Amino acid sequence: MPNNEQLRICFFASHGGSNMQAIIDAIKANKINAIAALIISNNSSSFALERAKNEGIPAYHLSSKTNPDDLDDKIIEKMQMHKVNIVVLAGYMKKLNEKIIDFVKGRVLNIHPALLPKFGGRGMYGMNVHKAVIESGEEKSGPTVHLVNSKYDEGRILKQMEVPVLKNDTPDELAARVLEKEHIIYAQTIKEIAEGKIEI
Ligand code: GRF
């Protein structure tokens, strides 16, 4: 980030948005110097939109159904309007097009619930990831915060945190253990970006 520019975050979320909430809470507690400027969801009934309302953060439901011909342009229009300079993907189930990534000069973060580069790529989302980790007999897993480029899960890794995979873990149990750490490292990464300790 250029010096002295305050982070103005646009979150993209499709479902619960618990990672988004953890980051918003850290901003509200003055732990991160940033503004939660905008929330976009492709899912009109996502809890993320409910959270946006509760927090008084501008939010829009935009999807290929609401905007079949001009989705990217509409998203960019909102990002422009709210002066967004960084995108934080928080459980967003759609791929972002290059146009949107370029709008924020490649400053797009994602969190993945496994230790990339393992267990990433097409089809590796949600419980599929945790099932694959357990089936492969790995002894550890954990979240990865990374930059997003046009390839799935292949951008630069910014932060990871390990958790043990326990004997007889179910995918749900492993997911819960990883999610707890997601909430910590996503906020921590954004804090370090805001402080210039991580350069993106
Ligand atoms: C998390 O498991 C994250 O790793 C993945 O999507 C899930 C989002 O959860 N990218 P939430 O919506 O933040 O609760």
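Biologist: How far is an oxygen atom of the ligand from a polar backbone atom of asparagine 19?

Modeller: Keep in mind that this is a predicted model, so we're reading computed distances here. A polar contact is a pair of N or O atoms within 3.5 Å. Asparagine 19 makes the cut with a polar backbone atom, and its distance from an oxygen atom of the ligand is 2.8 Å.

Biologist: Okay, and which residue has an N or O atom in its side chain 2.9 Å from an oxygen atom of the ligand?

Modeller: Let's sort backbone from side chain. Glycine 17 uses a polar backbone atom, 2.8 Å from an oxygen atom of the ligand. The side-chain N or O atom at 2.9 Å from a ligand oxygen belongs to glutamate 182.

Biologist: How much of the ligand's exposed area does the protein bury?

Modeller: Start with the ligand taken alone, where it exposes 360 Å². Then put the protein back, and the share of that area it buries is 77%.

Biologist: Which helix and which strand each supply at least two residues of the shell around the ligand?

Modeller: Look at who is around the ligand: the list includes Ser18, Asn19, Ile111 and His112. Now match the numbers to the elements, one spanning 18-28 and the other 108-112. That gives helix 1 and strand 5.

Biologist: How does that shell divide into nonpolar, polar and charged residues?

Modeller: Among the residues around the ligand are Gly16, Gly17 and Gly91, and Gly counts as polar. Ile111 and Pro113 are also there, and Ile and Pro count as nonpolar. Glu182 is in the list too, and Glu counts as charged. The full split is two nonpolar, six polar and one charged.

Biologist: The ligand sits in the largest pocket, but which helix gives the largest share of that pocket's lining?

Modeller: The pocket has a volume of about 970 Å³. Of its 36 lining residues, the closest to the centre are Gly91, Tyr92, Met93, Ile111 and Tyr125. Helix 1, strand 5, helix 5 and helix 6 each give two or more residues to the lining. The largest share, four residues, comes from helix 6.

Biologist: Which residue does a cis peptide bond join to leucine 116?

Modeller: Most peptide bonds are trans. Here omega is about 10 degrees, and the bond is cis. Leucine 116's partner, found in the loop between strand 5 and helix 5, is proline 117.

Biologist: And what is phi of asparagine 30 near?

Modeller: Most residues other than glycine have a negative phi. Asparagine 30, in the loop between helix 1 and strand 2, has a positive value, near 60 degrees.

Methods
Residues are numbered from 1 along each chain as its sequence is written. This is a predicted model: local features need pLDDT of at least 70, side-chain atom pairs count only at pLDDT 80 or more; totals for chains, interfaces and linings use all residues. Side-chain values use heavy atoms; hydrogens and water are left out. A residue is near a molecule or strand if one of its heavy atoms lies within 4 Å of it. A polar contact is a pair of N or O atoms within 3.5 Å; within protein, one must be able to donate a hydrogen and the other to accept it, and residues adjacent in sequence count only if both atoms are side-chain atoms. Accessible areas come from the Shrake-Rupley method with a 1.4 Å probe; for residues, only the protein chains shown count as cover. On a 1 Å grid over the protein atoms alone, a cavity is a set of points where a 1.4 Å probe fits but cannot get out, and a pocket is an open set with protein on both sides within 12 Å along at least five of seven lines; lining residues have an atom within 4 Å of a point. Grid points are joined across faces, edges and corners, and a volume is the space filled by probe spheres set on the points.
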